[in-house]
Amino acid sequence: MRENTPASFPDGERASPGTMLAIPQTREGAPARLVTMFGSLGANRELRVHYVFDVGDPDYGEIVLPADGPLGSIALQAPAAAWYERELHDQYGIEIVGHPDLRPLIFHDNWPDGVYPMVDPVDDVPWSKREYRFLQVQGEGIAEVAVGPVHAGIIEPGHFRFSVVGDTILHLELRHFYTHKGTEKLFEGRQVMNGPMLAESVSGDNCFAHAVCYCQAVENACGIDVPRRALAVRLIGLELERLVSHVSDVGGLCTDVGFGVAAAYAARLKESLLRESAQCCGARYWRGITVPGGLRFDLDSGKVAELGQGVARAYREFSEIARLILETPSIQNRFETAGILSREAAQDLAVVGPVARASGIDLDVRRDHPYGRYRDCSIEVPVTHYGDVMARARMRISEAAVSAQLIQETAKSLPDGGVLTPVAAQGDVQGFSAVESPRGELCYWMEARGGRLTRCHVKSPSFQNWPAMPFAVAGNIIADFPLINKSFNLSYSGCDR
Amino acid sequence: MIGDVIGQSLRQPDRLIPVEALLGNCDGSRMPDVVADRLTPAIAQRLIEVCPTAALGMEEYEGHRCLRLSYGQCIGCGQCVEFGEGAVGTAKHFTRCGVAKKQTVRVWDIDGRTEITPGAPRPEASRRQIHSLLQRALNIRQLDAGSCNGCEAEITALTNPYYDLERFGIHFVASPKHADMLLVTGPVTRNMADAVKATYDAVPAPKLVVAVGACGCSGGIFTGSHAIVGAVDAVVPVDGYVPGCPPTPAMLVTGILEVLRRRIAK
């Protein structure tokens, strides 16, 4: 059960204040992939910074540095750390030395300087007016196009600042965190058993992955063995969420190129899967099902088997639609070569999920750091290297096939037995867990004292992948931006938290 | 190729749900309902303790000890169903969508084991009445004030072939300047407060505002956060509330039509 708990590094790794972390290496001698970075407070409110790396082993590696003084930035060596360090500064006021861009990230103009919500009282934070400077691209014929935060459609808010020459995008600057809700702070003080409800509201369309990831972190912390039946149901929920998400994304891509017929089919299939879910577990998006220790209630085996059959039907139709999409010349014309994310950029920014796999990075938590029922499965991980919209569309279509297969196999042979092991989260506990959500690697790190959470960090795949978007859109025309954006399918709320 | 597309179209089954089957439907919403004759003071106390958003509370009402359920605060987590010893079940029918704020609250006399709130609105179910509500088209602008995107996913579903809102003459528009109604989701975050006000101002009068989801109605699970301003009505005036976390497409249809019905009845 503890395989996913980060292995602690030897004591010699503790660096002195102000010094910089030496990035660990994989066995092959390459720099390890940065998984996440976050701050926390020790028992005596001393500041700590946690770095989690993927060194190529099934266990993640965690390094904890004391942060009682300034901290050296690793953003130049590991660009993936750039946003994490800005977030650390905004949340904890930790001084980051040598960071190339320390503008406020999660708080906007209305937030006063010098108030750090994870360490300061935040009952009545005054409204302020501070300045935010966008990067200025200068030169003849360069214009700026500002889009958002309110977008033209049923979409989440965020701001995009394009610098363009004619139709061509030279540079895109993201300004997000409009949906920042202080979620990590809200976890503090909650009862451990009341954590899943908040985790489910981090990113609503991936609510089950978030809830399962949170629960696994608690289970790892407390050394709980989850009943096999609950693990099987969780696998079905996780794969169904991926299938729904990928069907919806492929439909969304069709909407963005005006292929309404296929978009309508995909919307119908997505709805059929949601309705089957409601029949099976009472919730369209699998909210309120999982709790630390297993499931809140058992599902009827017959209904789960019906769900499996529903998935088989929906997937058969989806593969027809997918063929229709991939063989339509006008779709090929729009999808191919649009929004290429190079392998180098993807690697530098430690991009995860289908976006990474479409750019040639072979990584999947289910296979590389198996958890729950995935320990007993062999997972096929499709990878391609073109990195364009077509590659990301194909990636989703291939992954949908794997998910449909996994659901059918598991639904046919649901283990018998109970679905809940009681959890007693007494004393000081810490746990870490990772899940392959539809958008990629999702991690929770939690710490509780006496049954109440003292810290819960959420590493969301969207936070990780958003900084890669500007690299994919540079050189494309502005009219292709919605398509490229959709092909990444990132959550604003998941990123902003 | 075009033959394939037409062939596929002809093979698609008709999935359209008649409006009568949508109104009041809440399948998959996890909204709770109190079974009044199972209520005891001890159970009521337990329910209040396990509710994570204070949707359930104890209240004095005309000298009676009462259990209050504010649907606008309920996130459907299922704790009350799990720990309620049969006194709380999952609602089979739910019509408190698109109603005024006070109508999203129900109150039960614990000792008398009876509900003392007036009944829920009854959405008119006949096609003719629905049609007369919407003689002209209704343009809706969805506005995310900071939601988790759960509500967005369900609002997007309104245009799929099962619900097909366009059949009522309801369209989702890209600009607030084209809109008659704002469908606002999420708690209003600090970072979105100005944009929410600006969007509201951009909608030409007369305008309708509907607060969608537990967060839009009350702040939901995010109540008390330093990064949010509050529910939608903390920032702009609201005409109707649609509870749920997230509300299902059927609840959204019920809510949108109820807001219109109330507007016309005024």
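This is a tour of a two-chain model, going from the domains of chain A to its helices, then across to chain B.

Before selecting anything, note that this is a predicted model, in which local features need pLDDT of at least 70 and side-chain atom pairs count only at pLDDT 80 or more, while totals for chains, interfaces and linings use all residues. Residues are numbered from 1 along each chain as its sequence is written, and chains are lettered from A and ligands numbered from 1 in the order in which they are written.

**Stop 1: the two domains of chain A**

Select residues 7-97 of chain A as domain 1 and residues 183-468 as domain 2; bounds of this kind come from an automatic or database domain assignment. The C-alpha centres of these two domains lie 27 Å apart. Where they touch, 14 residues of domain 1 of chain A meet 15 residues of domain 2 of chain A, a contact being a pair of residues whose C-beta atoms, placed from the backbone, lie within 7 Å. On the domain 1 side, the elements that give two or more residues are strand E2 (33-41), strand E3 (47-54) and helix H1 (81-92) of chain A, and E2(A) supplies the largest share, six residues. Helices (H or I, at least four residues) and strands (E, at least two) are DSSP runs, numbered from the N terminus. By class, this side of domain 1 has ten nonpolar, three polar and one charged residues, where Ala, Val, Leu, Ile, Met, Phe, Trp, Tyr, Cys and Pro count as nonpolar, Asp, Glu, Lys and Arg as charged, and the others, Gly among them, as polar.

**Stop 2: helix H12 of chain A and its partners**

Next select helix H7 (301-327) and helix H12 (389-412) of chain A, which pack at an angle of about 160° with their axes 9 Å apart. That makes H7(A) roughly antiparallel to H12(A), a description used for angles over 145 degrees; axes are lines fitted to C-alpha atoms, for helices over the stretch in contact, and angles run from 0 to 180 degrees between N-to-C directions. H7(A) passes H12(A) in a left-handed crossing, meaning that the near helix is turned anticlockwise from the far one by less than a right angle. To see the contact, show side chains including A:Val304, A:Gly308 and A:Tyr315 of H7(A), and A:Ile397, A:Ala404 and A:Lys412 among those of H12(A). The residues of this contact divide into 13 nonpolar, two polar and one charged.

Keep H12(A) selected and add helix H15 (481-488) of chain A, which packs against H12(A) at an angle of about 35°, with the axes 9 Å apart. This crossing is left-handed too, and the contact is made by A:Val389, A:Arg392 and A:Ala393 of H12(A) with A:Leu483, A:Ile484 and A:Ser487 of H15(A).

**Stop 3: where chain A meets chain B**

Now show both chains: their contact takes 48 residues from chain A and 52 residues from chain B. On the chain A side, the elements that give two or more residues are helix H2 (183-187), helix H3 (195-200), helix H6 (260-281) and H7, of which H6(A) gives the most, with seven residues. This side of chain A has 23 nonpolar, 15 polar and ten charged residues.

**Stop 4: the domains of chain B**

Chain B is divided into domain 1 (32-115) and domain 2 (127-265), with C-alpha centres 25 Å apart. Their contact takes 15 residues from domain 1 and 20 residues from domain 2, and the domain 1 side divides into six nonpolar, seven polar and two charged residues.

**Stop 5: a hairpin and a sheet in chain B**

Select strand E2 (56-61) and strand E3 (64-70) of chain B, which pair in the antiparallel sense over six bridges; two strands pair if DSSP finds at least two bridges between them. B:Tyr61 has B:His64 of E3(B) as its bridge partner. The two strands form a hairpin with two residues between them, and B:Glu62 in the turn has a positive phi of about 50°.

Finally, move to the open sheet of five strands in chain B, ordered E8-E7-E9-E11-E13 with parallel pairing. Strand E8 (170-172) and strand E13 (240-242) stand at the edges, each with a single partner strand, so one side of each is left without a neighbour in the sheet. The twist averages 25° from one strand to the next. At one edge, strand E7 (138-144) pairs with E8(B) over three bridges, and B:Asn139 has B:His171 as its bridge partner in E8(B). Add helix H9 (249-265) of chain B, which lies across E7, E8, strand E11 (208-212) and E13, running at about 170° to E13(B).

Note on methods:
Angles under 35 degrees count as roughly parallel, over 145 as roughly antiparallel, 65 to 115 as roughly perpendicular and the rest as oblique.
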